[in-house]
Amino acid sequence: MKKLILFPVIYGVIFTITFNSCSKSPRCWGSDKNKGIIKESVVINCFPATDKHEIVINDEAALKAIFDSTCVLPSIDFSSSTLLGLYASGGCEVKFIRQVERKDGGKIHYSIKVKECGFCKVLGFSYNWVTVPKIENAEDVSFEVK
């Protein structure tokens, strides 16, 4: 009789471990997503020399000012685009759902939903750099990490 009770318990434990481990969980399938008025994601493989986690960059000089001179920076057309950065992190396997929306009165809201799964202790993080149509006033941008 004990064997019949242990059988479902053992499979339940195996199922839980399998689908909550880093890359096996359905929550982790897929890739990062961009929504709203985001033109494109931008890859910058250096950390900015700032303690800010919410960044609005409107010109080449401002971009170069927050990165070390050895950092290879992407080419961005700042005449028609603004670069936004929002730091977010999560544990183990992490996916970022980025959304930039235009709100009432011309305000811009950049939000990131962090999807994380797995039981490992690895930290995943990103500044989530994206370009959006030109924003003239940096004070018109609000940020949120969910």
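Which residues form one aromatic cluster here? They are Phe 47, Phe 67, Tyr 87, Phe 125, Tyr 127 and Trp 129. Before I go on, please keep in mind that this is a predicted model.

Let me stay with the aromatics for a moment. Searching the whole structure gives six aromatic pairs. One of these is Phe 67 with Trp 129, a tilted pair with 5.9 Å from centre to centre and 55° between the planes. Phe 67 sits in the loop between α2, residues 60–65, and β4, residues 81–86, while Trp 129 sits in the loop between β8, residues 123–126, and β9, residues 130–133, so the pair ties together parts that are 62 residues apart in sequence. Are these two residues buried or exposed? Both Phe 67 and Trp 129 are buried.

Trp 129 also comes up at a pocket, the second largest one, which has a volume of about 160 Å³. Thirteen residues line that second largest pocket, and the closest to its centre are Ile 44, Ser 126, Tyr 127, Asn 128 and Trp 129. Tyr 127 and Trp 129 are also members of the aromatic cluster I began with. Sorted by class, the lining of the second largest pocket comes to eight nonpolar, four polar and one charged residues.

Now the sheets. There is an open sheet of four strands, in the order β2-β9-β4-β3, and the pairing is antiparallel. β2, residues 40–41, and β3, residues 54–57, stand at the edges with a single partner strand each, so one side of each has no neighbour in the sheet. For β3 that partner is β4, and the two pair in the antiparallel sense over four bridges. Within this pairing, Ile 57 has Leu 83 of β4 as its bridge partner.

β3 takes us to the largest pocket, which holds about 180 Å³ of space. Which strand gives the most to its lining? It is β3, with four residues. The lining includes Glu 54, Ile 55, Val 56 and Ile 57, and among the others are Thr 50, Lys 52, Asn 58, Asp 59, Ala 62, Ile 66 and Ala 138. By class, that lining has six nonpolar, two polar and three charged residues.

The last part concerns β1, β6 and β7. Strand β1, residues 33–36, runs parallel to β6, residues 93–102, and four bridges join them. Lys 35 has Gln 99 as its bridge partner in β6. On to the next pairing: β6 and β7, the latter being residues 108–117, are antiparallel, with 10 bridges. The two strands form a hairpin with five residues between them, and Gly 105 in the turn has a positive phi of about 75°.

What is the bridge partner of Gln 99 in β7? That is Ser 111. Gln 99 therefore has a bridge partner in each pairing, Lys 35 in one and Ser 111 in the other. Ser 111 itself is buried, with a relative accessible area of 7%. Leaving out residues up to four places away in sequence, Ser 111 touches Ile 97, Arg 98, Gln 99, Glu 144 and Lys 146.

Key: Residues are numbered from 1 along each chain as its sequence is written. This is a predicted model: local features need pLDDT of at least 70, side-chain atom pairs count only at pLDDT 80 or more; totals for chains, interfaces and linings use all residues. Side-chain values use heavy atoms; hydrogens and water are left out. Two strands pair if DSSP finds at least two bridges between them. Rings of Phe, Tyr and Trp (its six-membered ring) pair if their centres lie within 6.5 Å; planes under 30 degrees apart count as stacked, over 60 as edge-to-face and the rest as tilted. Buried means under 20% relative accessible area, exposed over 50%, partly exposed in between (1.4 Å probe, protein chains only). On a 1 Å grid over the protein atoms alone, a cavity is a set of points where a 1.4 Å probe fits but cannot get out, and a pocket is an open set with protein on both sides within 12 Å along at least five of seven lines; lining residues have an atom within 4 Å of a point. Grid points are joined across faces, edges and corners, and a volume is the space filled by probe spheres set on the points. Ala, Val, Leu, Ile, Met, Phe, Trp, Tyr, Cys and Pro count as nonpolar, Asp, Glu, Lys and Arg as charged, and the others, Gly among them, as polar. Contact means heavy atoms within 4.5 Å.
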